[in-house]
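Open the model in your viewer and keep the selection panel at hand. The tour below goes stop by stop.

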Amino acid sequence: MKLYVLNGPNLNLLGVREPDIYGKQTYGELVRRIEAHAKELGVEVECRQTNHEGVLVDWIHEAYEKKIDGIVINPAAYTHTSIALLDALKATGTPTIEVHISDVDAREPFRRMSYLRPACRMCIAGHGLDGYLEAMDLLVLPQIGERVCK
Ligand code: DQA
């Protein structure tokens with residue numbers, strides 16, 4: 001089994017970026033935690049980050065072409081703007097879980113809107129970096145089928 005963990009814009013700046021909201025751990029530390037967790041679960045994982053919307057679209061297509069079993073995606077600000085990412089997920093159908101480090105529903109009203117959510121099995125928000133590991137667990141467990149938000 002192989003998972004992609006895809007991160008959108010500004011998440012390369014974790015640790016530096018608004019640490020009161022996103023914490024003090026860096027993107028590199030996040031990747032190490034995800035890779036260690038994948039080892040524990042006995043699955044392969046590939047972590048990627050980009051600041052470009054079209055690159056995320058290409059990676060979602062690639063996940064489909066390479067028969068990747070699941071995607072964990074933190075689309076960052078593109079969550080609130082990107083019909084292209086919604087369409088890519090709907091077109092390809094790879095089981096996907098949306099993750100946000102912060103509790104997006106408790107912040108500015110514009111962060112409550114997610115274009116991607118209808119194409120995701122679940123959304124985990126406000127669990128910090130642990131949310132990525134929880135999403136991996138849920139993709140690896142066979143019984144997940146229903147879409148439940150938060
Ligand atoms: C975020 C929340 C988004 O609203 C924001 O634009 C981000 C990060 C999160 O992980 O909490 O860049 O996705």
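Select the lining of the largest pocket: 16 residues, with Arg17, Tyr22, Ala76, Ala77 and Arg111 lying nearest the pocket centre. Keep in mind that this is a predicted model. By class, the lining of the largest pocket consists of 7 nonpolar, 6 polar and 3 charged residues. If you draw a surface over the largest pocket, the volume to expect is about 160 Å³. Rolling a probe the size of a water molecule over the atoms is what shows where empty space is left.

Now display the ligand. Where does the ligand sit? The ligand is placed in the largest pocket.

Next, select the residues around the ligand, taking the shell in sequence order. It starts with Arg17 and Tyr22, continues through Asn74, Ala76, Ala77 and His80, and then takes in His100, Ile101, Ser102, Val104 and Arg111. Coloured by class, this shell around the ligand shows 5 nonpolar, 4 polar and 2 charged residues.

Turn on distances for the ligand's oxygen atoms. Three stops are worth labelling.

- Ser102: an N or O atom of the Ser102 side chain is 2.6 Å from an oxygen atom of the ligand.
- His80: a polar atom in the side chain of His80 is 2.7 Å from an oxygen atom of the ligand.
- Ala77: here the partner is a polar backbone atom, 3.2 Å from an oxygen atom of the ligand.

With these contacts on screen, how much of the ligand's accessible area does the protein cover? On its own the ligand has 320 Å² of accessible area, and the protein covers 99% of that.

For the last stop, select Gln49. Gln49 belongs to strand S2, which spans residues 44-49. Show the side chain of Gln49 and look for two partners. One is the backbone oxygen of Gly8, which the Gln49 side chain reaches at 3.0 Å. Another is the side chain of Asn51, in polar contact with the side chain of Gln49 at 3.0 Å.

Terms used:
Residues numbered from 1 in each chain as written. Predicted model: local features only at pLDDT ≥ 70, side-chain atom pairs only at ≥ 80, totals over all residues. Heavy atoms only, no water. Near = heavy atom within 4 Å. Polar contact = N/O pair within 3.5 Å; in protein donor to acceptor, adjacent residues only side chain to side chain. Areas by Shrake-Rupley, 256 points an atom, 1.4 Å probe, with all protein chains shown as cover. 1 Å grid on protein atoms, 1.4 Å probe; cavity = no way out; pocket = protein on both sides within 12 Å on 5 of 7 lines; lining within 4 Å. Sits in = over half its atoms within 2 Å of the grid points. Nonpolar A, V, L, I, M, F, W, Y, C, P; charged D, E, K, R; others polar. Points joined across faces, edges and corners; volume = space filled by probe spheres on them. Helix = DSSP H or I, 4+ residues; strand = E, 2+ residues; numbered from the N terminus.
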